[in-house]
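Open the model in your viewer and keep the selection panel at hand. The tour goes stop by stop.

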Amino acid sequence: MAKKGQTYKVYTEEEKMEAVRLYESGVSSREVARRLGIPEKRQVLNWVNKVRIGETLTASRSNQTWRKGRPKTKFTSIEEELAYIKAENEYLKKRYPNLNGE
């Protein structure tokens, strides 16, 4: 679990590819991690697996926004938003009938 205020090292694609190249040349993952200053050998193995299945090694978390909860819904018109809210309201009435007061 992350500690409050903890920061993480973000590796460039070149650093990741260097680790993969070293690993594929026969150097152990532990040794690659030690040489390049990577705290965990598992990180090297993750990058190697990504390269083998054809995924990119770009920094995925910096390209995405991580949010909790349901995604924000965008509507093109007021009528569309109203229909969505009515459907949501009906769903909740069916799901929780005791809260309806009936």
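**Stop 1: a surface patch.** This is a predicted model. Select Tyr91, Leu92, Tyr96 and Leu99 and show their surface. Together they form a nonpolar patch with about 470 Å² of accessible area.

Now pick Leu92 alone. Leu92 sits in helix α5, which spans residues 78-95. Is Leu92 buried, exposed or partly exposed? Its relative accessible area is 40%, and buried means under 20% while exposed means over 50%, so Leu92 is partly exposed.

**Stop 2: the whole chain.** Zoom out and colour by secondary structure. You should find 5 helices and 0 strands. Traced from the N terminus, the order of elements is α-α-α-α-α.

Switch to a surface view of everything. The protein exposes about 9200 Å², and 52% of that comes from carbon and sulfur atoms. Of its 102 residues, 15% count as buried. Turn to contacts next. Take those between residues at least 6 apart in sequence: 38% of them join residues at least 24 apart.

**Stop 3: α1 against α3.** Two packed helices are described by the angle between their axes and the distance between the axes. Select residues 13-24 for α1 and residues 41-53 for α3. How do these two helices cross? Their axes come within 9 Å and cross at roughly 90°. Angles of 65 to 115 degrees count as roughly perpendicular, so α1 is roughly perpendicular to α3.

Show side chains at this contact. On the α1 side, pick Lys16, Met17, Ala19, Val20, Tyr23 and Glu24. On the α3 side, they meet Val44, Leu45, Trp47, Val48, Val51 and Arg52.

**Stop 4: α2 against α3.** Keep α3 on screen and add α2, residues 29-36. The axes of α2 and α3 come within 8 Å and cross at roughly 110°. That makes α2 roughly perpendicular to α3 as well. From α2, the contact uses Ser29, Arg30, Val32 and Ala33. From α3, it uses Lys41, Val44 and Leu45.

**Stop 5: Ser29.** Centre on Ser29, which lies in α2. Why does Ser29 count as buried? Its relative accessibility is 9%, and the cut-off for buried is under 20%, so Ser29 qualifies.

Which residues does Ser29 touch, leaving aside neighbours within four places in sequence? Select Tyr23, Lys41, Val44 and Leu45. Tyr23 is one of the α1 residues from Stop 3. Lys41, Val44 and Leu45 are the α3 residues from Stop 4.

How values were computed. Residues are numbered from 1 along each chain as its sequence is written. This is a predicted model: local features need pLDDT of at least 70, side-chain atom pairs count only at pLDDT 80 or more; totals for chains, interfaces and linings use all residues. Side-chain values use heavy atoms; hydrogens and water are left out. Patches are made of residues with over 30% relative accessible area and no salt bridge: like charges are joined within 9 Å, nonpolar side chains (Val, Leu, Ile, Met, Phe, Trp, Tyr) within 5 Å. Accessible areas come from the Shrake-Rupley method with a 1.4 Å probe; for residues, only the protein chains shown count as cover. A salt bridge is a side-chain nitrogen of Lys or Arg within 4 Å of a carboxyl oxygen of Asp or Glu. Helices (H or I, at least four residues) and strands (E, at least two) are DSSP runs, numbered from the N terminus. Buried means under 20% relative accessible area, exposed over 50%, partly exposed in between (1.4 Å probe, protein chains only). Axes are lines fitted to C-alpha atoms, for helices over the stretch in contact, and angles run from 0 to 180 degrees between N-to-C directions. Angles under 35 degrees count as roughly parallel, over 145 as roughly antiparallel, 65 to 115 as roughly perpendicular and the rest as oblique. Contact means heavy atoms within 4.5 Å.
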